[in-house]
Amino acid sequence: MTNKDVDDRPTKDVDDPDAESDGPETSLCTPCRPSQVKIGIDGTVTVSSHCWETAKACTTPNGMERVLLMGLFSLDVLLKSNVEGGVSKLDSSAERRQALDPRILTRYTLQAAVVNQFPTAKEADVRKSINSRICELRHQVKRKSVENL
């Protein structure tokens with residue numbers, strides 16, 4: 001599923017006073033447009049409301065982080081990046097990775113949303129999970145391209 005597929009799905013109108021409420025909004029999530037939700041403390045990063053609802057429905061911090069990661073970054077960006085950026089520790093001849101946008105990842109946005117939903121989650125574990133997911137995506141893409149040869 002691509003980010004475009006997520007954005008094209010019907011979403012609940014957060015401005016509709018007659019719409020059913022899932023409960024009070026937290027300080028880390030506020031509606032900004034009917035199809036977008038601001039996440040994080042400063043509210044400058046948005047994600048589709050469908051992505052946010054899917055992320056909130058996850059039962060683990062790892063699951064929530066994975067959903068938000070795919071909603072906040074394109075696959076192309078994720079394949080060329082990791083949390084810190086830099087050279088691969090496993091393959092020094094590999095292409096240097098770019099750091100993911102720290103404004104989106106920091107304890108004020110993606111990490112904050114996960115830790116707010118799962119108070120026992122540690123930010124270091126969230127960051128590790130992000131890099132693990134990116135490695136999985138690279139492996140899937142590589143395997144798919146080999147199968148097409």
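The paragraphs below go through a predicted model, from its overall fold to its core, its largest pocket, its cysteines and a few single residues.

The chain has 149 residues, and 32% of them count as buried. It contains seven helices and five strands. Read from the start of the sequence, these elements follow the order α-β-β-β-α-α-α-β-β-α-α-α. Contacts between residues far apart in sequence make up much of the picture: of the contacts with a separation of 6 or more, 49% join residues 24 or more positions apart.

The interior is best approached through the largest nonpolar core, which has 28 residues. Within this core, Leu68, Leu72 and Ile130 have the most contacts. Several elements supply at least two residues each. Two strands are on that list, E2 (36-39) and E3 (45-48). The helices on the list are H2 (49-57), H3 (61-72), H4 (75-79), H5 (102-105), H6 (110-117) and H7. Helix H7 itself covers residues 123-147. Ile130 shows how such a core residue is surrounded. Leaving out residues up to four places away in sequence, Ile130 touches Glu65, Leu69, Val83, Leu100, Leu105 and Leu110.

Helix H7 also takes part in the largest pocket. This pocket has a volume of about 520 Å³, and 15 residues line it. Helix H7 gives the largest share of that lining, with six residues. Nearest the centre of the pocket lie Asn82, Ser88, Lys89, Cys135 and Arg138. Sorted by class, the lining consists of six charged, five polar and four nonpolar residues.

The cysteines raise a separate point. A disulfide is a covalent bond between the sulfur atoms of two cysteines. How many disulfides does the count come to in this model? The count is zero. Cys51 and Cys58 serve as a worked case. The cysteine sulfur closest to that of Cys51 belongs to Cys58, and because the distance is 9.1 Å, the two are too far apart for a bond. The cut-off for a disulfide is a pair of sulfur atoms within 2.5 Å. Seen from the other side, the sulfur of Cys58 has that of Cys51 as its closest cysteine sulfur, again at 9.1 Å. Both residues are in the interior by the accessibility criterion: Cys51 is buried, with a relative accessible area of 5%, and Cys58 is buried as well, at 18%.

Cys51 leads on to strand E2, where Gln36 is found. Is Gln36 buried or exposed? Gln36 counts as buried because its relative accessibility is 11%, and the cut-off for buried is under 20%. The C-alpha atoms of Gln36 and Cys51 are 9.0 Å apart, with their positions 15 residues apart in sequence number.

Two further residues are partly exposed. Tyr108 sits in the loop between H5 and H6, and its relative accessibility is 39%. Which residues does Tyr108 contact, leaving aside its neighbours within four places in sequence? They are Gly40, Ile41 and Asp42. Tyr108 and Asp42 are 66 residues apart in sequence, yet their C-alpha atoms are 6.9 Å apart in space.

Asp125 has its place in helix H7. At 47% relative accessibility, Asp125 counts as partly exposed, since that class runs between the limits of 20% and 50%. From Asp125 to Gln111 the separation is 14 residues in sequence and 9.8 Å in space, C-alpha to C-alpha.

Helix H7 thus recurs through this account: it supplies at least two residues of the largest nonpolar core, contributes six residues to the lining of the largest pocket, and holds the partly exposed Asp125.

Note on methods
Residues are numbered from 1 along each chain as its sequence is written. This is a predicted model: local features need pLDDT of at least 70, side-chain atom pairs count only at pLDDT 80 or more; totals for chains, interfaces and linings use all residues. Side-chain values use heavy atoms; hydrogens and water are left out. On a 1 Å grid over the protein atoms alone, a cavity is a set of points where a 1.4 Å probe fits but cannot get out, and a pocket is an open set with protein on both sides within 12 Å along at least five of seven lines; lining residues have an atom within 4 Å of a point. Grid points are joined across faces, edges and corners, and a volume is the space filled by probe spheres set on the points. Helices (H or I, at least four residues) and strands (E, at least two) are DSSP runs, numbered from the N terminus. Ala, Val, Leu, Ile, Met, Phe, Trp, Tyr, Cys and Pro count as nonpolar, Asp, Glu, Lys and Arg as charged, and the others, Gly among them, as polar. A nonpolar core is a set of buried Ala, Val, Leu, Ile, Met, Phe, Trp, Tyr and Cys residues joined through side-chain atoms within 4.5 Å. Buried means under 20% relative accessible area, exposed over 50%, partly exposed in between (1.4 Å probe, protein chains only). Contact means heavy atoms within 4.5 Å.
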